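Dear colleague,

Please find below the structure I am handing over to you. My notes on the chain follow it.

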Amino acid sequence: MKTVLMVAEKPQLAHSLAKILSNGRMNSRKGFNGACSIHEYTGQFLGEPAKFKMTSVCGHVMGLDFPSKYNNWDKVDPAELFAAPTRKVEAQQGLHMPKFLSSEAKYVDALVLWLDCDKEGENICFEVIDCVLESMNRSRGREQTIFRAKFSAITEKDIKAAMNKLVEPNKNEALSVDARQELDLRIGCAFTRYQTKFFQGKYSDLDSNLISYGPCQTPTLGFCVERHDKIQSFKPETYWILQTKVSYNEGKPLTLDWERVRIFDKEVAQMFVNVVKGAKEAEVVGVTTKEKTKSRPLALNTVELMRVASSGLGMGPHHAMQIAERLYIQGYISYPRTETTHYPENFDIKGTLRQQLSSSDWGDYVRTLLDGNIVKPKKGHDAGDHPPITPMKSASEGELGGDNWRLYDYITRHFIATVSPDCRYLQTTVSFSIGSESFTLTGKTLLDPGYTTMMTWQALSAEEKLPPFNRGDICSIEEVKLVEKQTSPPDYLTESELISLMEKHGIGTDASIPVHINNISQRNYVTVGSGRRLIPTPLGIVLVHGYQKIDPDLSLPTMRSAVEEQLNLIAAGKVDFHAVLRHTLDIFTRKFQYFVTQISGMDELFEVSFSPLAESGKPMSRCGKCRRYMKYIQAKPSRLHCAQCDETYSLPANGIIKLYKELKCPLDEFEMVLFSTGSKGKSYPLCPYCYSHPPFQSMRKGSGCNECTHPTCQHSLNTLGVSQCIECEHGVLVLDPTSSPKWKIACNRCNVIMNVFEDAPRVTVSIDDTCEDCEVIL
């Protein structure tokens, strides 16, 4: 009997797939990494009895990084990163995923990959293959042993159909992701490191830990700043409109639309007011009626879902996609990452509708559609990836709740609307004559609500209906006045508008667009205002203006769009992976070199917007070189700056910094400071110089005295270390010398904190004495 290992993208997905494929008859056990379970059952594989093991990864198994020596920002010129070697590293080191997969693959005859059906999923397929191939049994001859399952929904029908139509993983699509990862790593790291070190060493109030550049992130920010610039440069113009109200058959006053719309010359406008005021009544000179339709929507794809989630539901695109992913894994909706807006010819519309018959919200309407009122969906775009996003089973608000329900509710209403009739209405236009001036009045009368029964926010308002008018009717004039107005600037970009621009210009993919928008917000380049409008911060504005001054290509969408086209050609097998990498890196290497030589142009803009370090902060501790007080810069990232030496020293983030008893480091004479995360958190002293320049090989950069191996210093690990951490592999529990009277020990690597004594006047570590049972230092 063959043994088949099956690997899904997430633990929840693995459980759902195994439950369907085993008909619920499976045994489950926890994997040694604690994150992934293994579900075992027996069944048929390619017509033969087989034992199945279904497990999962947790997203990407491997990530791309530089060797450790290239990750030292102080010793490596960022320009070297364009040609530096790269290596694959575990994406989530604590999960030991390669070892876990290799262990589960022992003596396995075949591998079936159930990863997400997009390019990223294809890339993860080959990461899994690399982990398990050596452990699997050797194939007999040319027998295929590695298979790929293609599916778009977590339903019994889709999953069992995928199991019966297994294919091979697509190497070209995986390579396109490898290319994107390498380009983004090299380009992003080189520009980010150079900018961060240059500007954080000069300005105090940037309020950002990283001054980052990203080949997709920066053009995304560029769209927001471009709109900001249009708003700032906008010059309003004054214009006048002729506002006229009439009444008919004692009904409420009706406001007419002036045929001239608006006039920019006040004297001319006043002349027309006098003409109209001289008339006693308004005469109906024409009535036209025409049947019109509001067209039902196209089938739903990812970009449209993100747009609506932001503009209609008030959800950020990143948050919306997290919810959609959860609904997909739970089997409520189909795969949420797709560019397609056209249902396949074999799509079971009636079957999908029947799933919704039990709904109290739309069950009755669905029944009318199934009784013969289904309309053929509009022909959309077939991107050749996945079917559009649709509901896969019925749900209720009580079952899902909150944002989960709101997103599911929209997806379901949108699907039902795509197979509903168009909204039909009569549009009536009434033409009026007042003196020599012409006016119109337009109204709408609903004939058939059609799809707007589901998408109620697009329904016609009852107020749009007009009273019946006939040619020759006379209306009394209630009001004529000249209204002064001004042209208004465009508003800040909304997330919805930004998503449209990114899609139009080829910036990112349906999966990465929400990530890029989230990044520019988290890095303090934009803030999200009311209506989910994206308002650039001073830092975001200065960065884009700096790129525009030095090299506009760096912030324009055209370069990334061209790169995306090349990546798509790799995925289609039409161009060579290495040729694309060489060509693109050569372009960006030259751009980086030019950027470095012209950085003063960007710096001139920073000088206007931000405060120099020497003029910021408050004196705190003495420099070990010049003995003068260094200033503490509290804005992110927190730093100490010595104006005399013109040097800056990093400090730990997310805590309180204060002077530590005016004690000095025995190695460099810098006054020590104390870092604390609060009374219930961790505290430790540190030397500002040693924190950035570790004096011992065993110390990591960014370490405090609790990791220092100085043999005699009273604050070092050698003096205050107690035992190995009970949770993490490399940590040591160290006595906190500042924790009196509630003494505690804390790990110098992880977040473990232990209370040891209370109200003891003095606690010391006895280096020479150890516990007889566990050998812990007393």
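A residue is called buried when its relative accessible area is under 20%, and exposed when that value is over 50%. By this criterion, 49% of the 778 residues of the chain count as buried. Please note that this is a predicted model.

As for the overall architecture, the chain contains 21 helices and 27 strands, and its C-alpha trace spans about 110 × 75 × 60 Å along the principal axes. Of the contacts between residues at least 6 apart in sequence, 67% join residues at least 24 apart. The chain exposes about 37,500 Å², of which carbon and sulfur atoms supply 48%.

Two sites may be of interest to you.

The first concerns Ser 676, which belongs to strand S22 (residues 671-676). Its relative accessible area is 13%, and Ser 676 is therefore buried. The side chain of Ser 676 makes a polar contact of 3.1 Å with the side chain of Ser 683, and also reaches the backbone nitrogen of Gly 678 at 3.1 Å. Leaving aside residues up to four places away in sequence, Ser 676 touches Gly 655, Ile 656, Lys 682 and Ser 683.

The second is a nonpolar patch on the surface, formed by Ile 726, Met 754, Val 756 and Phe 757, which together have about 360 Å² of accessible area. Within this patch, Ile 726 lies in the loop between strand S24 (721-724) and strand S25 (732-735). Ile 726 counts as exposed because its relative accessibility is 60%.

With kind regards

Conventions:
Residues numbered from 1 in each chain as written. Predicted model: local features only at pLDDT ≥ 70, side-chain atom pairs only at ≥ 80, totals over all residues. Heavy atoms only, no water. Patch = residues over 30% accessible without salt bridge, like charges linked within 9 Å, V, L, I, M, F, W, Y side chains within 5 Å. Areas by Shrake-Rupley, 256 points an atom, 1.4 Å probe, with all protein chains shown as cover. Salt bridge = Lys/Arg side-chain N within 4 Å of Asp/Glu carboxyl O. Helix = DSSP H or I, 4+ residues; strand = E, 2+ residues; numbered from the N terminus. Buried < 20%, exposed > 50% of the residue type's maximum accessible area, 1.4 Å probe, protein only. Polar contact = N/O pair within 3.5 Å; in protein donor to acceptor, adjacent residues only side chain to side chain. Contact = heavy atoms within 4.5 Å.
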